[in-house]
Every structure is written in structure tokens, then in C-alpha cells.
Amino acid sequence: MNTSFHVSIPAHARVALFLLAGALATARAAEPAREFRKESPAERAARMAWFTEARFGMFITWGLYAIPAGEWKGKEIPGIGEWIMNRAKIPLSEYRELVKQFNPTRYDPQEWVRIAQRAGMRYIVITSKHHDGFCLWDSKETDYDVASTPYGRDLLRPLADAARAAGLRMCFYYSIMDWQHPNYDPLPAWDKDRPGHRPDMDAYVRYMKAQLRELIEGMGPLGILWFDGEWEPTWTHERGVDLYNYVRSLQPSIIVNNRVDKGRKGMAGMTAEGEFAGDYGTPEQEVPSRSFPEGVYWESCMTMNDTWGYKKHDHNWKSVTQLIRTLVDIASKGGNFLLNVGPKADGTFPPEIVERLEAIGQWMEKNGESIYGTTASPFARLRQRCTKKNGRLYVHVFERPASGLVTLPGLTNTIRGAKWLATGAALEVLRHEDAPAIRIPELLPDPHVSTIQVDVDGIPATLPVPIIQDDDGSVELPGSDARLEGASLRYDMLSDSISGWAATDDAVRWSFHLRKPGDYRIEIEYACAKGDEGGDVQVTIVDQVVTGRLETSGSSHRFHRRELGTIRLTEPGEWTAVVRGRKPETAKTLMHLRGVRLLPVAR
Ligand code: FHN
């Protein structure tokens, strides 16, 4: 809570002022906010412009939970570190004792920003208030904040100032779900008999709005208000739309993610059809398998190990190669990558994180042009990843094809030249099997991802190409390229899968071009919700059939791969594969089929 006043206003005037302020605040909170969702695609694109240019940001998950760091009363607590209050079932009366220990004496916001900037990150999203309800700034609305700690002063404004001084956008994460607020409904299940609790979501929304005003008016202008914790039933679509409009009314240019409302489709994170509020989708710990139409914005958020908030025993760090390839994969589908840092309680980043960000920054220094401001690959199917910007393609090579040729089937433009982006060394352009191709040497310029800059005449464009067997002998049959034969069958872009199997004669069909005859293992990739399992599936290629019984994958958006058997394809040329199935009577659908793969049987 804030400090005292030293002003000589007579008592009766102070009372009048207080009443007037209260009346104004009530009137302001009561007025219906303007409907900001109704903007043209062009207006939205203009507001999202910095976001799509940035492509890469730093997520910072920091709070009281960094003190226990995954341990409680001498026991390691499973799960993500910032959920320790929930996972260890810590009552608020005990958890709030951490306030007295929070003293990040080594916190250096300029250093944090320097690390983000050197990594090539263009925006920072920090947890202003996570689910535990503790606030990293000195909020007038509560004493459950950093002002009550030994550190005693605001952490967020110095970071915002440092970020903006360095040209980065400052953004705040704010959790709707709150495990401490006396009016939040429901009370946490593990702390049911908390004295003084009075569930009142209207009062809690007024609290949130007052805090959001503090953050936006006190530390803005902000890039993004990153909401989270929207999944509990007491948070409704109506409240989400109201909060979206309220935040936009405070700063119309601000971007708000889709977790302000109820439209997020699970961890896949994209927004379901309908009038849900939120400017972009938020896949979590995963990358969508495909790109999305223009005007659909999204950002994958991911941890570097397995936790968002710091845990002293979590050493499951992703490699630099994995992180760079994830950034490239995301950009090749037109998304942003929000990569998480969980600082320690003393205010420093774990060294493993600093090392990785430094290495990513070195790659970005030479290859960032192929990420910033680019849009998704123009190729429906390509072995490499690819981004595009103006009249240029950037082809990202993870592993060198055995043939030494990077082919670009379907490209309609003339290639004017190709070179390694990092070194400028020219590369030979040729045609291979009637497709433009680039020959690359044995030695690639980068151990993680090597980027080819391909200059073309005009704006890069492609024609659909038949499915052709890959250099490594595999044949990918993606759901997105299948012909659907059945009234209820449909391809869902969000999950990149086919569902709606109702009749036994429903069929999903692909044609493909085989270059190498031989024996092939048939693998399907599918999701099957618990309770829908037990269906029969068959894959037929001409007169050969492989079948299998479908097990559950755990949920309708968790996919797994299963081999059904082996098929012999005796000659090169055009083949057709057909998938049919029979769902159990009680099942909603047979499965959600992402695709089929033919894998050459090693000789
Ligand atoms: O419950 C949170 C979790 O702690 C973390 O903040 C992630 C990051 O996006 N969001 C929620 C889980 O979906």
C-alpha cells in the first residue's frame, strides 16, 4: 500500500474530494466500454505491425515461487515451479510468509534487457501478477506486493524504462485466476477454510481493472497485455469481452492475447470460431503443424527446460539447436516465438539460460533478416523451412539432403540468385526433376541452421505440386492435402487434422508420385480422445491393405504415430492411398487423422 499524504486540505474538503473520487471511479467502471473488436483487417494489421515484425520475444516468469524454486519443506515438488502453491497445497497463511523473504538484491533490469537485446528479442513479457496473486509492482490496490517485501520497491517500471530505452516493447502478463484475492471465486481447493474470503467476481473484476489501469497508465505505453488463467468457469465470455474492451480503452493501440476471453482451444492455443476477444492465438509448449491464413496472428510460448518459474532441480534444458530450429519453424509458419526465462529469487538469470540466449543471439546476428518481418513459407510442402520477405525467400537448411540439392517444387518465380545469408558465398542454381534447385556444399556454414537467401523475380509464389516421394524415400500424406469422401468429414486447420468420421464408407484419399519401388512401412498420425478408442482403421494402396485397432492418444488434440504394417509398391509412378475406418458405436468420431507416412523398409 502507498505512503502517507502531507497536504494541508481542511477535513471537510478532504471528505468531499474522497466522495467525488469514489463517485467518478464507480461511474467510470460502470460505463460500458467501447466495442474495440470491430476494426477492419487493415486497422488490425497496422496495430499488429510491430508484433509481426518482431517475431521473437522474451517471456519472464518471476515471483515469490522463485524462492522455494521447486522445493517445499525439504521435498521436491513436481510440476512447473510457479504452481508450487497449488502442487504442494500451501495455504495462503503459509505461502504469504515468502513475502518477508523476497529480496532480489542482484536484480539489474538493464542487464536483463541487454541479454534480451543481444539474443535478438524485440519484446519482453513479464509476469506482473501470476496465479498466486503476488504483484511485482507497488499497487495501491493491495499490500500483497513487492512494496511489502524487504526489497520494498517497484520492479516493473525500471524494466519498462530500460526496455524502451533499448528499443524493445514492454509487455505485461496478468493472471485472471488469483489464488489469494479475498473476492476471487472459487477459493483454491486446497485452502477452502480461508477466513475472510467473500467470493464476489464483480468486486474482483473492479480490482483487476484498477490494477490494469495502474500498469497501463503508470508504466505504458505497453506492447501487449498477456492475459492467462482464463479457464475457470467463473470467468465468462462476457467478462472477457468487457475486459478486452476496457484494456483497449486505456490504450487503443495495445495488443491483447486470446486468453482474455474463453476462445482458446487448449494448449494448441488458437482461437475457436466465433466472436471471442483477443488479437492472437497462444499455442503453449508446441508449434502448430501448419501456417494460417493472412490476418491470423499467433505466438508460441515455450520454456527452455520444463518449468516457467525457476526450479533449482530442473536441468532438462533444450539445446541451442533445438531452440533456433523452433524459432525458424515458427517463423516459417508466420508466428512469433515467446521464449521463457525463469529468474532466480536473487534477480539473476540461470547461467544455462544466459548461455543459450547468447548463442541464439550469435545466430540471429547473421540470420535475423530471415526471421524479422518475414511471413510464412509459400510452399504447402517443403523438406526445409522457408520464410519470405519482399522478393526474397529464405530457405533454412537443418540437415543437408544426401543429394546436396535443395529443391523448390512449385515455385513459379525465376530465381535470380542464391547465396548463404551468413557468409554471402554464392550457390549454384539449377533444375532437378523439373523443379528449381540449389546445390549446397558438404560443409554447411552453421551447425544449427544454415540459411539460403534466394532472390526471385517478383513476389514469391507457388503452384500446388503433387505429393512426391522425398529424397530420404519417405512419402508424407498430410491431412491438409487429402481428398475427403464423406458428408461429415472435415479438415480442421487449427488441429491440422481430419475428423467427423461417421459412415464406414467415409474415405480419405491421396495421390502421390513414387520414385523408388520397394517395401514401405505404413504409419498413421492421429489423435483419439479417451472413450473414443477401439475403432478399426485400414489403409489401402491398390490391392494391399494394412489395418489396426485405434488406441486413445489421451485427448483429441494430442497426436501420436502408429505403424499399421508394410506394403510393397512394385514400380515408380502415380499411386493412391485410401484410409477408411469403423468407429465404435459410442465414439464421437473414429479419430482425428493428421496424416499418413510411407517409410522405406531398410534393406
Ligand atoms: O498456468 C500457467 C503457467 O503457470 C504458465 O504461466 C503458462 C505460460 O503460458 N500459462 C499457464 C498454463 O497454460
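This report walks through the domains, the ligand site, the strands and some local backbone features of one protein model.

The model is predicted: local features need pLDDT of at least 70, side-chain atom pairs count only at pLDDT 80 or more, and totals for chains, interfaces and linings use all residues. Residues are numbered from 1 along each chain as its sequence is written, and side-chain values use heavy atoms, with hydrogens and water left out.

## Domains

The protein is split into domain 1 (38-308 + 333-351), domain 2 (377-465) and domain 3 (475-600). These bounds come from an automatic or database domain assignment. The centres of domain 1 and domain 2, taken over C-alpha atoms, are 39 Å apart.

## The ligand site

The ligand has 14 residues around it. A residue is near a molecule if one of its heavy atoms lies within 4 Å of it. Glu82, Trp83, His131, Asp228 and Glu284 come nearest. By class, the shell holds 8 nonpolar, 2 polar and 4 charged residues. Here Ala, Val, Leu, Ile, Met, Phe, Trp, Tyr, Cys and Pro count as nonpolar, Asp, Glu, Lys and Arg as charged, and the others, Gly among them, as polar.

Three side chains place an N or O atom by a ligand oxygen, as the table shows. A polar contact is a pair of N or O atoms within 3.5 Å.

| Side chain | Distance from its N or O atom to a ligand oxygen |
|---|---|
| Trp83 | 2.8 Å |
| Arg259 | 3.3 Å |
| Glu284 | 2.8 Å |

Taken alone, the ligand exposes 330 Å², and the protein buries 95% of that. Such areas come from the Shrake-Rupley method with a 1.4 Å probe.

Two of these side chains also meet each other. Arg259 forms a salt bridge with Glu284, and the closest N and O atoms are 2.9 Å apart. Arg259 and Glu284 both lie in the loop between E7 and E8, so the pair ties together parts that are 25 residues apart in sequence. A salt bridge is a side-chain nitrogen of Lys or Arg within 4 Å of a carboxyl oxygen of Asp or Glu. A search of the whole structure finds 50 salt bridges.

## Strands

Helices (H or I, at least four residues) and strands (E, at least two) are DSSP runs, numbered from the N terminus. Two strands pair if DSSP finds at least two bridges between them.

An open sheet of 7 strands runs in the order E7-E6-E5-E4-E1-E9-E8, with parallel pairing. Its edge strands are E7 (255-256) and E8 (299-302), each pairing on one side only. E8 and E9 (residues 336-341) pair in the parallel sense over 4 bridges. Glu299 has Asn336 in E9 as its bridge partner.

E14 (residues 428-432) and E15 (residues 435-439) pair in the antiparallel sense over 5 bridges. His432 stands opposite Ala435 in E15. The hairpin of E14 and E15 has 2 residues between the strands, and Glu433 takes a positive phi near 50° there.

## Backbone details

Asp185 and Pro186 are joined by a cis peptide bond, with omega about 15°. Pro186 sits in the loop between strand E5 (169-175) and helix H7 (201-219). Another cis peptide bond joins Gly220 and Pro221, with omega about 0°. Pro221 is in the loop between H7 and strand E6 (224-228).

Ala69 has a positive phi of about 55°, although it is not a glycine. Ala69 lies in the loop between strand E1 (56-60) and strand E2 (71-72).

Terms used: Polar contact = N/O pair within 3.5 Å; in protein donor to acceptor, adjacent residues only side chain to side chain.
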